[in-house]
Amino acid sequence: MILPLLILCPHFCYADSATVELANKSWLAFQCSYYANTMEGGGAEKARLSKLAYVWGAQYLTAANEGLVANSELLNIPREFIYPGPSIDYVLGAVSVFAMDMDGAKNHMDNLSRWAAAEYKKKNCQHL
């Protein structure tokens, strides 16, 4: 079971900024994969970004489960990475769902594909 970080790391833990950045990169890649999937012709890009998101997210969660992430770093990662679950895959599945920009999408239902393409470009998803 993947436990909350506060239980795993009650005292002295260490994570370099690159480890913490993995959670942020994973979150952005999950968001970008949603935009790519929603925009016209984005299937291959969605697959590429989803793979990156899972790799980076798994690396971060593995480090966290090994006690390498300090509680003080929890403010520097997306809160969705703090949820407990039975496995890393389970947690990453939940994170991928949370990363879908449903609030943004609901205001652009008349042309969802164009909105997603604009968000993809605005977040520089092609550079991940």
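Here is a short chat between a visitor and a guide about the structure above.

Visitor: What kind of model is this, and what is the mean pLDDT of the protein chain?

Guide: This is a predicted model, where local features need pLDDT of at least 70 and side-chain atom pairs count only at pLDDT 80 or more, while totals for chains, interfaces and linings use all residues. Residues are numbered from 1 along each chain as its sequence is written, and side-chain values use heavy atoms, with hydrogens and water left out. pLDDT is the predictor's confidence in each residue, from 0 to 100. In the protein chain, 88% of the residues reach 70 or more, and the mean is 85.

Visitor: Which helix has the lowest mean pLDDT?

Guide: Over residues 1-12, pLDDT stays under 50. Where pLDDT is low, the predicted coordinates should not be read in detail. Among the elements of the chain, α3 has the highest mean, 95, while the lowest, 42, belongs to helix α1 (residues 5-8).

Visitor: How many helices and strands does the protein chain have?

Guide: Helices (H or I, at least four residues) and strands (E, at least two) are DSSP runs, numbered from the N terminus. Reading from the N terminus, the order is α-α-α-α-α-α. That comes to six helices and zero strands.

Visitor: How much of the protein chain is buried?

Guide: Buried means under 20% relative accessible area, exposed means over 50%, and partly exposed is in between (1.4 Å probe, protein chains only). The protein chain has 128 residues, and the buried share of them is 41%.

Visitor: Which helix gives the most residues to the largest nonpolar core?

Guide: A nonpolar core is a set of buried Ala, Val, Leu, Ile, Met, Phe, Trp, Tyr and Cys residues joined through side-chain atoms within 4.5 Å. The largest one has 19 residues, and Phe30, Tyr60, Leu61, Ile77, Phe81 and Val95 touch the most other members. Two or more residues come from each of α2 (17-38), α3 (43-65) and α4 (88-98). With six residues, the one that gives the most is α2.

Visitor: What does Phe81 touch?

Guide: Contact means heavy atoms within 4.5 Å. Not counting residues up to four places away in sequence, Phe81 touches Ala23, Ser26, Trp27, Gly57, Tyr60, Leu61, Leu92 and Val95.
There is also a second, separate core of eleven residues, and its members include Cys32, Leu49, Ala105 and Ala116.

Visitor: Why do the buried residues of α4 line one face of the helix?

Guide: In α4, the buried residues are Val91, Leu92 and Val95. They line one face because, seen down the axis, they fall within an arc of 95° (the arc is that of the directions from the helix axis to the C-beta atoms). As for what they pack against, that is α2 and α3.

Visitor: What about α6: which residues are exposed on its other side?

Guide: The buried residues of α6 are Trp115, Ala116, Glu119 and Tyr120. They cover an arc of only 140° around the axis, so they sit on the same side of α6. What covers them includes α2, α3 and α5 (102-106). Over on the other side, the exposed residues are Arg114, Lys121 and Lys122.

Visitor: Where are the two cysteines of the disulfide, and how far apart are their sulfur atoms?

Guide: A disulfide here is a pair of cysteine sulfur atoms within 2.5 Å, and a search of the whole structure finds one. The pair links distant parts of the chain, 93 residues apart: Cys32 is in helix α2 and Cys125 is in the segment after α6 (112-122). Both Cys32 and Cys125 are buried, and the link is left-handed, with -70° about the S-S bond. The sulfur atoms of Cys32 and Cys125 are 1.9 Å apart.

Visitor: Is Gln31 buried or exposed?

Guide: Gln31 lies in helix α2. Leaving aside neighbours within four places in sequence, Gln31 is in contact with Ala99 and Lys123. Its relative accessibility is 13%, so Gln31 counts as buried.

Visitor: And which residues is Asn24 in contact with?

Guide: Asn24 is in helix α2 too, and it is partly exposed, with a relative accessible area of 25%. Leaving aside its neighbours within four places in sequence, Asn24 is in contact with Asn76, Ile77 and Pro78.
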